[in-house]
Amino acid sequence: MNNSQGVKSFKKEQVLFVTILVFLIVVIMMFSFRALGGGSNNTDFRKRFITYNDNWTVTIDGVSTTESFPAHLKGGKDHAITLSRTLPSTIASYSAIAMRNYHQVMHVYVNGNLIYTYPNNPSDNFTLISDAWNVITLRPEYAEGTLEIILKDPSFRPFNNYIYDIYIGDSNSIIQHISDTASFPFITGIILFVIGLFIVGLSALFRKHIDQRPNIPLALALMFFSLWMMNRSRPAMFSGSNGRIFLLSITALLLVAPFLFLFVARRSEKYRKYAYIGFIVSMLYGIFVVAARSLVRFNAETVTLVAYAFSFLALLLNQKILFDRSFGNDSIPLSREERNLNRIEFFTLALFLIGSLVGILKNNDQLITDISISSRLLINTYSIAYLGIIVWRIYIVAKEREVVSHKLQESRLELMMGQIHPHYMFNTISSIRTMVKVDPDTAYNMLYDFAKYLRASVDNMTNINGIKFSEEVENIRSYANIELVRFSGKLNIEYEIESDDFLVPALSIQPFVENAIKHGVTKKPSGGTVILKSYEDDLNYIVGIKDDGVGIGPEAAYRLFGIPEDTGDIFSDTNRLAQASMEGIIHDVTLLDENGEKLDVYEWLKTSKISGGAPDRHKSAGMANIIMRLREMADARIEISSQVGVGASVKVSFPKNSEMQSHKSE
């Protein structure tokens, strides 16, 4: 990828996305404030109902008592509870009585006649029954009649839940009131869903610039939980027999914990095994509940409580990771900025966990049926903080890529210093001097090629956009022609160029050819052949360098793939960046000994250190910087293979869809 162009487009993407983010958040907040104002400004219309909470006769296991609501009641041995009282002496048209049903089968009678059932589908009695606001129509002829409401828990354990406010009056007024009280909780769910969408969008948009793998599972967990939050708000539109909607929402809740565990697994190798165990167990639990809901009489509260417990465990494991990265040993190699971001996430998530726990302990009567406003606000606070952390990390990467751009300039200078090495210049000039007397024409051609080589090297020092591969081939020919004269009889060079109309970083292929000549073929007593070829497939332009020289033994691997120690000089930052690039390709290096046995290059180099004089340091740093330039500028993949005594080959693949290739026609 062209790095300077990449930084510019990177900033444009960031500015555009943040602008859209701010705009949508403002729109959502405006919508929220408007919704909080209620659906009607007619206060008289909205007040045409009263609470109907007092003087109810409650019968459990044949024992009757007088109760007022809200209240917490426990069902009897038959899992049933009966509420009864006499209706008012006058009932106007369009009147209704409303109460919130918490996962029970509900039958309503007036004067012994059944007027309402919930759920409407009897087969739902053995599934996860939803809770709902039940608005039951009352007729004028029901005046002074005996109202009887029978609630029965279809699960194995007795009904043990909360009886909320009961309302009586104009049905439209009651529905409007329910809708008004549900507006804010419902909007908090919408906002959380939108935040999840933004995290997905950010992760997709900047996936090439920063590791976004942990963000997608977290975003999905937030979006699934938002569906549960919206269902818990119980707006009037979800009232009535809404078993399918509840099944959808509880399925979404059951998916929260698996994706939270997956989020943890992707952000920490240390705790990955535990996170995957949690992922498998919580996912199997969710599959079992949904698949067996028609066979087993689950209690909805118990199902939900277990789902909450799994999610809580996943978040605690995430907190352990954040604590290690904020205050523990894992924080030592991190920058101060990165530690602060981890601490922000740690404290906002801790606030949510503690606040939710306090809410559960304080409102244990409504442990499952409601999500408190404070818990809704805290989860949204954590989500917004995490979204901000993602944006800030992307900004950090943008700054780092600017640094990389400057380091690439330094690496070109260092590469140039290595290419025009005094030893190489002296040998070439000495060879030309000898040829002047022996073969003037050859000396003339050598001098011409040497001048072309020097000119191309100097011209390409400041090239940041890449050059046509055809130009790189010409530079290689100039260099190789000189070497053919110097190593006459021991060196043969072949060109198999099928495709050359693509861009490569300047001076990026020639060093591989030089290495094949100097450290491969000419080290072999009988000499050998170096082959430079290029071709293309559907996705890549491919350049190959192959030789039948001595191969890459331990000393050569030490020189080529080792990384110099930090000496504190002007190349130290470049070397650190080069090291990261070299470590990125080590797994694509296949080295065999003379017997064909594979050498573990990665493990060997991890325990090795480069030391010694400047020539060794520049050789190893030079190859690492070449690989860095290929990866950073062209998004290239480098594969290296060799066998001692047989030869070596290098394959460089340049993606056709990379940013560098997009400038090919310029």
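**Entry 1: helices α3 and α4**

I began with the crossing of α3 and α4, which is left-handed in this predicted model. I then looked up the geometry of the pair. Helix α3 covers residues 171-205 and helix α4 covers residues 215-233. Their axes lie 8 Å apart, and the packing angle is about 165°. I recorded α3 as roughly antiparallel to α4, because the angle is over 145 degrees.

Which classes of residue form the contact of α3 with α4? I noted 17 nonpolar residues, seven polar ones and no charged ones.

**Entry 2: helices α6 and α7**

I turned next to helix α6 (residues 272-291) and helix α7 (residues 300-326). The axes of α6 and α7 are 11 Å apart, and the two helices pack at an angle of about 165°. I therefore entered α6 as roughly antiparallel to α7. The crossing of α6 past α7 is left-handed.

I listed the residues that meet in this pair. From α6 they are Y274, A275, V281, S282, Y285 and V289. From α7 they are T302, V303, V306, A307, F310 and L317. Sorted by class, the contact of α6 with α7 holds ten nonpolar residues, two polar residues and no charged residues.

**Entry 3: helices α12 and α13**

The third pair I examined was helix α12 (residues 469-486) with helix α13 (residues 510-521). Their axes come within 10 Å and cross at roughly 20°. Are α12 and α13 roughly parallel or roughly antiparallel? They are roughly parallel to each other, because the angle is under 35 degrees. I also noted that α12 and α13 make a right-handed crossing.

On the α12 side, I found E472, N475, I476, Y479 and E483 in the contact. On the α13 side, I found Q510, V513, E514, I517 and K518. The class count for the contact of α12 with α13 is four nonpolar, two polar and four charged residues.

**Entry 4: two residues of α12**

I stayed with helix α12 and looked up E483, which lies in it. Is E483 buried or exposed? Its relative accessibility is 0%, so I recorded E483 as buried. The side chain of E483 makes a polar contact with the side chain of R486, at 2.9 Å.

I then checked R477, which is also found in helix α12. R477 counts as partly exposed because its relative accessibility is 30%. Between R477 and K452 I noted a separation of 25 residues in sequence and 9.8 Å in space, from C-alpha to C-alpha.

**Entry 5: two cis peptide bonds**

I recalled that most peptide bonds are trans. I then looked up the exceptions listed here. F69 and P70 are joined by a cis peptide bond, with omega about 5°. P70 is found in the loop between β3 (63-67) and β4 (71-74).

Y118 and P119 are likewise joined by a cis peptide bond, with omega about 0°. I placed P119 in the loop between β8 (113-118) and β9 (132-138).

**Entry 6: two residues with positive phi**

I recalled that most residues other than glycine have a negative phi. Y94 is not a glycine, yet its phi is positive, at about 60°. I located Y94 in the loop between β5 (80-86) and β6 (95-101). With a relative accessible area of 65%, Y94 is exposed, because this value is over 50%.

D635 also has a positive phi, near 55°, and is a residue other than glycine. I found D635 in the loop between α17 (614-634) and β20 (637-643). The relative accessibility of D635 is 44%, so I entered it as partly exposed.

**Entry 7: the protein overall**

I closed with the totals. How many helices and strands does the secondary structure of the protein come to? I recorded 17 helices and 21 strands. The protein has 666 residues, and buried residues make up 50% of them. I also noted the contacts between residues at least 6 apart in sequence: 78% of these join residues at least 24 apart.

Definitions and conventions
Residues are numbered from 1 along each chain as its sequence is written. This is a predicted model: local features need pLDDT of at least 70, side-chain atom pairs count only at pLDDT 80 or more; totals for chains, interfaces and linings use all residues. Side-chain values use heavy atoms; hydrogens and water are left out. Axes are lines fitted to C-alpha atoms, for helices over the stretch in contact, and angles run from 0 to 180 degrees between N-to-C directions. Helices (H or I, at least four residues) and strands (E, at least two) are DSSP runs, numbered from the N terminus. Angles under 35 degrees count as roughly parallel, over 145 as roughly antiparallel, 65 to 115 as roughly perpendicular and the rest as oblique. A crossing is left-handed if the near helix is turned anticlockwise from the far one by less than a right angle, and right-handed if clockwise. Contact means heavy atoms within 4.5 Å. Ala, Val, Leu, Ile, Met, Phe, Trp, Tyr, Cys and Pro count as nonpolar, Asp, Glu, Lys and Arg as charged, and the others, Gly among them, as polar. Buried means under 20% relative accessible area, exposed over 50%, partly exposed in between (1.4 Å probe, protein chains only). A polar contact is a pair of N or O atoms within 3.5 Å; within protein, one must be able to donate a hydrogen and the other to accept it, and residues adjacent in sequence count only if both atoms are side-chain atoms.
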